[in-house]
Amino acid sequence: MKAEVFLPDDYRPAEDEPFMNDRQLEYFRRKLLTWKQELLEQSAETIDSLQDSARNVPDIADRASEETDRALELRTRDRQRKLVAKIDAALRRIENGEFGYCEVTGEPISLKRLDARPIATMTLEAQEKHERREKVHRDD
């Protein structure tokens, strides 16, 4: 079992420290866990809300509007469910020592990119190349 890493409340990863040192890894681990917890709480709120709103609305226009709102909410929650899976994958990469490195090139992903999107698996350049390739194949 690893020793707990002290992390000041105002800590931000910096370029001048060793890449993916224990403090950086702990920073991203905590960030991911907090994000996951927020998503799970929102999901629980949605379930409560959907159960409360499961009523028979006599007006057909009101019913249609309510169904549209419910469908939109469910799509949003489905996207968040997929996001939780990506967060779990990032947490596994932290445990395995693979976090912060591009899965395509093996190069370090910039700290700014990871701070903005801690589930990132590619450097910005590799991601852009991937998206261009995806767009070309989609247009075929």
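## A walk through the structure

Let's start with Gln24, which touches Tyr11, Pro13, Ala14, Glu17, Pro18, Phe19 and Leu111, leaving out residues up to four places away in sequence. Touching, or contact, here means heavy atoms within 4.5 Å. Before going on, keep in mind that this is a predicted model, where local features need pLDDT of at least 70 and side-chain atom pairs count only at pLDDT 80 or more, while totals for chains, interfaces and linings use all residues. Residues are numbered from 1 along each chain as its sequence is written, and side-chain values use heavy atoms, with hydrogens and water left out.

Where does Gln24 lie? Gln24 is in helix H1. Helices here are DSSP runs of H or I with at least four residues, strands are runs of E with at least two, and both are numbered from the N terminus. Gln24 counts as buried because its relative accessibility is 0%. The cut-offs are these: buried means under 20% relative accessible area, exposed means over 50%, and partly exposed is in between, with a 1.4 Å probe and protein chains only. For contrast, look at Glu95 in helix H2. Glu95 has a relative accessible area of 57%, so this residue is exposed. Glu95 and Arg29 sit 66 residues apart in sequence, and their C-alpha atoms are 9.3 Å apart in space.

Now for the rings. How many aromatic pairs does a search of the whole structure find? The search turns up four. Rings of Phe, Tyr and Trp (for Trp, its six-membered ring) pair if their centres lie within 6.5 Å; planes under 30 degrees apart are stacked, over 60 edge-to-face, and the rest tilted. Take Phe19 and Tyr101: their ring centres are 5.2 Å apart and their planes stand at 85°, so this pair is edge-to-face. Phe19 is in the segment before helix H1 (22-52) and Tyr101 is in the loop between H2 and helix H3 (111-116), so the pair ties together parts that are 82 residues apart in sequence. Phe19 is partly exposed, at 26% relative accessibility. Tyr101 is partly exposed too, with a relative accessible area of 32%.

Another pair is Phe28 with Phe99, whose ring centres are 5.3 Å apart with planes at 45°, so this one is tilted. Here again distant parts of the chain are linked, with Phe28 in helix H1 and Phe99 in the loop between H2 and H3, 71 residues apart. Are these two rings buried or exposed? Phe28 is buried, at a relative accessible area of 0%, and Phe99 is buried as well, at 1%. Both belong to a cluster in which ring pairs link Tyr11, Tyr27, Phe28 and Phe99.

Phe28 and Phe99 also turn up in the largest nonpolar core, which has 23 residues; Met20, Phe28, Leu32, Ile87, Ile94, Phe99 and Leu114 have the most contacts inside it. A nonpolar core is a set of buried Ala, Val, Leu, Ile, Met, Phe, Trp, Tyr and Cys residues joined through side-chain atoms within 4.5 Å. H1, H2 and H3 are the elements that give two or more residues to this core, and H2 gives the most, with six.

Let's zoom in on two core members. Met20 lies in the segment before H1 and is buried, at 10% relative accessibility. Its phi is near 55°, a positive value in a residue other than glycine. Most residues other than glycine have a negative phi. Ile87, setting aside neighbours within four places in sequence, is in contact with Leu32, Trp35, Lys36, Leu39 and Ile119.

That last partner, Ile119, is found in the loop between H3 and H4. Ile119 is buried, with a relative accessible area of 7%. Not counting residues up to four places away in sequence, Ile119 touches Leu32, Trp35, Leu83, Lys86, Ile87, Ala90 and Arg93.

Ile119 also helps line the second largest pocket, along with residues including Lys86, Arg93 and Glu131. A pocket is found on a 1 Å grid over the protein atoms alone, as an open set of points where a 1.4 Å probe fits, with protein on both sides within 12 Å along at least five of seven lines; lining residues have an atom within 4 Å of a point. This pocket has a volume of about 210 Å³, where volume is the space filled by probe spheres set on the points. Which helix gives the most to the lining? H2 does, with three residues.
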